[in-house]
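The following paragraphs lead the reader through one protein model, from its overall arrangement to particular backbone positions. Please keep the sequence and the structure in view.

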Amino acid sequence: MTKANVVKAHIGDIPRHNPCAQCGTPIPQPDWIEPGEGRVSYLWTCHACNYRFEAIAIFDEAALEHPPLAA
Ligand SMILES: [Zn+2]
């Protein structure tokens with residue numbers, strides 16, 4: 001079961017010590033980083049309780065407010 005939350009960040013920012021969404025244990029770094037368009041998804045795995053969750057960082061607000069037109 002995954003739970004997504006959304007935070008704002010800047011390009012190049014890699015979140016560290018994100019607290020586990022279930023037990024609150026700080027996780028040193030994300031297991032997986034998946035860059036996307038205007039956002040980066042981070043997959044965190046808590047080694048204390050084995051909870052996995054995804055956090056999405058949005059770094060391009062302009063792209064969200066003015067999405068490119070489909071050709
Ligand atoms: Zn945990």
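Helices, of at least four residues, and strands, of at least two, are DSSP runs numbered from the N terminus. On that basis the protein, which is a predicted model, has 1 helix and 6 strands. Their order along the sequence is β-β-β-β-β-β-α. Of the 71 residues of the protein, 8% count as buried. Among contacts with a separation of 6 or more, 42% are made by residues 24 or more positions apart.

Strand 4 and strand 5 offer a pairing to examine in detail. Strand 4 covers residues 32–36 and strand 5 covers residues 39–45; the two pair in the antiparallel sense over 5 bridges. One of the bridge partnerships joins proline 35 to valine 40 in strand 5. The two strands form a hairpin with 2 residues between them, and glycine 38 in the turn has a positive phi of about 75°. The number of buried residues among the 5 of strand 4 is 0, so this strand lies largely in the open.

Positive phi values also occur at residues other than glycine. Histidine 17, in the loop between strand 1 (4–8) and strand 2 (18–19), has a positive phi of about 55°. A residue counts as exposed if 12 or fewer other C-beta atoms lie within 10 Å of its own; histidine 17 has 9 within that distance and is therefore exposed. Asparagine 50 is placed in the loop between strand 5 and strand 6 (52–58), and its phi is near 65°, again a positive value. Because 10 other C-beta atoms lie within 10 Å, asparagine 50 is exposed.

Conventions: Residues are numbered from 1 along each chain as its sequence is written. This is a predicted model: local features need pLDDT of at least 70, side-chain atom pairs count only at pLDDT 80 or more; totals for chains, interfaces and linings use all residues. A residue is buried if 20 or more other C-beta atoms lie within 10 Å of its own, exposed if 12 or fewer, and partly exposed in between; C-beta atoms are placed from the backbone. Two residues are in contact if their C-beta atoms, placed from the backbone, lie within 7 Å. Two strands pair if DSSP finds at least two bridges between them.
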